[in-house]
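Dear colleague,

Please find below the sequence and structure that I am handing over to you. My findings follow, arranged by topic.

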Amino acid sequence: MNVISRDASNYSYVNARVRSRWAALFGEEEYDKLTRMGPSEIARFMEETEYGPEINALGSRYTGVDLVEYALNRNLARHFEDLLEWSQGTLYDLISRYLRKFDAWNAKTALRGVYSETESTVIEDDFIHAGEFGERLLTRLQECAAVEEVVETLEGTLFGASLQDALDDYEETGSLVPLENAVDRTFYDNLLRGLNATTESGTREFVKFLQAEVDFRNVRNAFRIARSGGEMDPADYYIEGGRLFEANELASLVGNRDELVARLRDSRYGDEVGPALETLESTESLIGFEHALDAALLGYADHLSHVFPLSVCPVLAFVLAKEREVDNIRAIARGREVGLSQEEIERELVML
């Protein structure tokens, strides 16, 4: 990874542009309308929004859910390309580092898709073209016939060595957790490596943001492992870099939801994530639990963007919020296509 640049960062300019993009994000009113529409109506509605350029560009080639899917992915890539185009110096380097999360996303999408024998066209739809993976590599990944082939295809990338190391655990357990965890660990380790959060302005806020993301990722992973019913120890899949939990402590908290919620409420995240914690306390489903965690992280990111307005935090909070908007619209379009009710779709949405 390149050395961080010193320093022509243009935080004021970029964050002003980002604030205007925040204003265009969908709110409850738009989601309420979308959940009442069919796939074709959703595409027509989006044509009148900031997704209009992508809908118009792709409308002659695709219809319905396919049109919505491709427009979402292309719109997401446009926004993140803009962030890089606007930014300079350390700010550019930090954003560039963070956007490699979409390489991690695409690697895990390929693993999950092949593992669940998903059609290659569906895997392609779920790729997000915002990282450093090129079209050729993504095409090869969607065409893989086995998980082992995905791992082999990723050889030579950032994730190649760690995936090879985790392959034996996957083959022994039959669970994707070791491979997905290897991707996450490598991403965050690479992201945090070489950053001096003690003395470098700009980097401090970046690290603070990432520490929160790692803390929430560790909680999510631990609960997934606990729910899998296998003999895996959550401590073995702990991601370094967070501040809230130690590996052994997190493993013990997984078995006590009340204690975990109390720990989060008393933590640095407590004031901003209160509503999400109430959902955490009441939900019984793993999906509901993970959605509550997503909402909590969005809330904390939004908090950091206000506490540190002249830092990278507003940009990173926007990236999270934009990702979530795209996930929400995708969930609505797919839900309507298979005939889910409005109430069922609303349970899939995550909003601040």
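What volume does the largest cavity have? In this predicted model, the volume of the largest cavity is about 90 Å³. The count of cavities of 30 Å³ or more comes to one.

The lining of the largest cavity consists of K108, R112, V177, E180, N181, D184, R217, N221, R224 and I225. At least two of the lining residues come from each of helix 7, helix 12 and helix 13. By class, six residues of this lining are charged, two are polar and two are nonpolar.

I turn next to the largest pocket. The space in the largest pocket amounts to about 1600 Å³, and 48 residues line the largest pocket. Those that lie nearest its centre are W105, R112, R224, R324 and D327. R112 and R224 also belong to the lining of the largest cavity.

Two or more residues of the pocket lining are given by each of helix 7 (101-115), helix 8 (120-126), helix 12 (177-192), helix 13 (203-228), helix 17 (286-307) and helix 18 (313-337). Helix 18 gives the most, with 10 residues. The lining of the largest pocket comprises 22 nonpolar, 18 charged and eight polar residues.

Two helix contacts should also be brought to your attention; both involve helix 5.

The first concerns helix 1 (residues 11-23) and helix 5 (residues 64-86), whose axes lie 10 Å apart at an angle of about 160°. Helix 1 is therefore roughly antiparallel to helix 5, as angles over 145 degrees are counted in this way. Their crossing is right-handed. On the helix 1 side, Y13, V14, R17, V18 and R21 take part in the contact, and they meet H79, D82, L83 and W86 of helix 5. This contact holds five nonpolar, three charged and one polar residue by class.

The second concerns helix 3 (residues 39-47), which packs with helix 5 at an angle of about 35°, the two axes being 7 Å apart. The crossing of helix 3 with helix 5 is left-handed. Here P39, S40, I42, A43 and M46 of helix 3 meet G64, V65, L67, V68 and L72 of helix 5. Eight residues of this contact are nonpolar and two are polar, with no charged residue.

Yours sincerely

Definitions and conventions
Residues numbered from 1 in each chain as written. Predicted model: local features only at pLDDT ≥ 70, side-chain atom pairs only at ≥ 80, totals over all residues. Heavy atoms only, no water. Axes fitted to C-alpha atoms, helices over the stretch in contact; angles between N-to-C directions. Helix = DSSP H or I, 4+ residues; strand = E, 2+ residues; numbered from the N terminus. Parallel < 35°, antiparallel > 145°, perpendicular 65-115°, else oblique. Left-handed = near helix turned anticlockwise from the far one by under 90°. Contact = heavy atoms within 4.5 Å. Nonpolar A, V, L, I, M, F, W, Y, C, P; charged D, E, K, R; others polar. 1 Å grid on protein atoms, 1.4 Å probe; cavity = no way out; pocket = protein on both sides within 12 Å on 5 of 7 lines; lining within 4 Å. Points joined across faces, edges and corners; volume = space filled by probe spheres on them.
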